[in-house]
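Dear colleague,

I am handing over the structure below, and after it I set out what was found there. Please read the notes with the structure open beside you.

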Amino acid sequence: MKLTRTEIIAIGIPIAAVISIFWAFSGGIIGGQDHNHDDYNANLYNFVTPTDYKGQTRTYYIAADEVKWNFAPTGINEITGKPLADDDTAKVYTENEKDRIGSVYLKCIYQEYTDDTFSTQKPRTDKWQHLGILGPVIHAEVGDTIKVLFKNNCRIPASMHAHGVLYDKASEGAVYNDGVLNSDKLGESISKGGNYTYFWQVPERADPGPHDPSSIVWMYHSHVDEVSDSYAGLVGPIIITRHGEANPDGTPNGVDQEFVTMFSIFDESRSPYFDYNIQTFTQDPSSVNKDDPDFGESNLKHSINGYIFGNLPGLVMKANTHVRWYVVGMGTETDLHTPHWHGETLLMDGMRTDMAELLPMSMKVLDMYPDNVGTWLYHCHVNDHILAGMQSMFTVTP
Ligand SMILES: [Cu+2]
């Protein structure tokens with residue numbers, strides 16, 4: 001029988017409708033082979049319903065502090081082994097001169113304290129030394145509440161705005177014209193010396209999705225003047241572990257070590273401390289020409305966690321263990337980064353790779369089972385960024 005086009009459509013529509021209805025009533029499972037789809041539906045469901053999990057409240061004491069940050073504290077281009085002063089390319093970004101700031105800048109960063117007196121800094125353990133300029137990791141499990149007692153010790157107003165977790169206007173930590181009374185969103189901007197307590201819920205919609213590993217990364221950052229706040233250095237990570245897969249401290253069980261690395265070009269000419277840094281750190285502030293493009297380039301710090309030219313410490317792990325890498329981006333249209341690990345391979349989204357792709361505020365998770373002992377390069381693969389020092393190394397011990 002030969003059907004006309006109209007007849008084919010007329011028959012096809014009811015058949016498609018019947019298949020769709022059957023699909024919907026069967027929960028998307030035909031022949032029981034599609035487990036992922038089931039998880040996926042459960043996850044969408046949980047997006048719109050409150051979680052039943054009764055978690056705990058995890059309390060963090062975090063201050064915004066002014067620090068003199070050195071992007072290259074060893075004074076050496078660790079990738080070539082040459083002193084920075086003898087390296088014509090590295091010198092562009094690190095040399096302190098009459099009209100150059102060098103490698104040390106005043107910045108405002110998040111630091112962790114032991115209690116709400118903010119008198120004693122919580123020491124960073126060896127395994128988190130690599131965080132560098134990043135704020136402390138906030139770990140939580142689905143069902144928990146994150147409570148952050150925040151104090152601003154910086155001269156600029158600051159806040160804490162979190163990605164992914166659930167907050168109301170009081171804990172959004174962002175300034176914009178949303179029609180909400182200022183008295184109902186006091187967390188939007190904390191001035192110098194001020195305190196604020198943020199509450200962030202961790203429902204299932206903040207947890208690892210069906211294709212994610214057992215934990216994922218979200219970022220927090222200041223959002224009073226979002227651009228200059230982040231260039232000041234106010235940024236840090238949150239790691240959320242799936243319900244039932246967390247250790248008591250919120251870290252994912254079965255993962256031996258976690259690393260968080262942020263690829264970002266800190267444009268110091270857009271930091272709120274730019275003029276202060278010129279006045280304080282150049283040898284002759286009056287000789288500085290802010291419009292000189294070479295001066296502009298000298299203030300672009302192509303960093304991994306605030307370190308350039310291989311100065312990032314602490315990326316050390318044992319062979320044949322489960323290592324989880326959280327890689328994130330921050331910045332502007334030049335911040336397209338492609339982290340590349342030498343010597344090992346990783347899994348991302350269930351696919352094998354030794355590369356990741358980052359855009360500003362991208363947040364990716366990769367699992368590594370290092371089997372190749374040695375010290376290996378870990379760098380952004382964008383050529384311009386390689387030359388500007390967005391390089392590091394990691395070490396796999398036996
Ligand atoms: Cu890059």
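Strands, as the word is used here, are DSSP runs of E that hold at least two residues, and they are numbered from the N terminus. Please keep in mind throughout that this is a predicted model.

With that numbering, F71 can be placed in the loop between strand 1, residues 57–70, and strand 2, residues 76–77. A residue counts as buried if 20 or more other C-beta atoms lie within 10 Å of its own; F71 has 24 other C-beta atoms within 10 Å and is therefore buried. Leaving aside residues up to four places away in sequence, F71 touches S103, K301, S303, G306, Y307 and I308. F71 and V104 are 33 residues apart in sequence, and yet their C-alpha atoms are 6.5 Å apart in space.

Strand 1 also belongs to an open sheet of four strands, whose order is 4-1-6-8 and whose pairing is mixed. Strand 4 (104–113) and strand 8 (195–201) are at the edges of this sheet, and because each has a single partner strand, one side of each is left without a neighbour in the sheet. From one strand to the next, the twist averages 25 degrees. Between strand 1 and strand 4 the pairing is antiparallel and extends over ten bridges, and within it Y61 has Y113 in strand 4 as its bridge partner.

A second set of strands deserves the same careful look. Strands 13, 20, 19 and 15 form, in that order, an open sheet of four strands with mixed pairing. Here the edges are taken by strand 13 (316–318) and strand 15 (339–341), each of which has a single partner strand, so that one side of each lacks a neighbour in the sheet. Neighbouring strands of this sheet are turned against each other by 25 degrees on average, if direction is ignored.

Going across this sheet from strand 13, one meets a parallel pairing with strand 20 (residues 391–397), made by three bridges, in which M317 has V396 as its bridge partner in strand 20. Strand 20 is in turn joined to strand 19 by six bridges, and these two strands run antiparallel; L377, for its part, has M393 in strand 20 as its bridge partner. Strand 19 (residues 374–380) then pairs with strand 15 over three bridges, in the antiparallel sense, and W341 stands opposite Y378 in strand 19.

With best regards

How values were computed:
Residues numbered from 1 in each chain as written. Predicted model: local features only at pLDDT ≥ 70, side-chain atom pairs only at ≥ 80, totals over all residues. Pairing = 2+ DSSP bridges. Axes fitted to C-alpha atoms, helices over the stretch in contact; angles between N-to-C directions. Buried ≥ 20, exposed ≤ 12 C-beta atoms within 10 Å, placed from the backbone. Contact = placed C-beta atoms within 7 Å.
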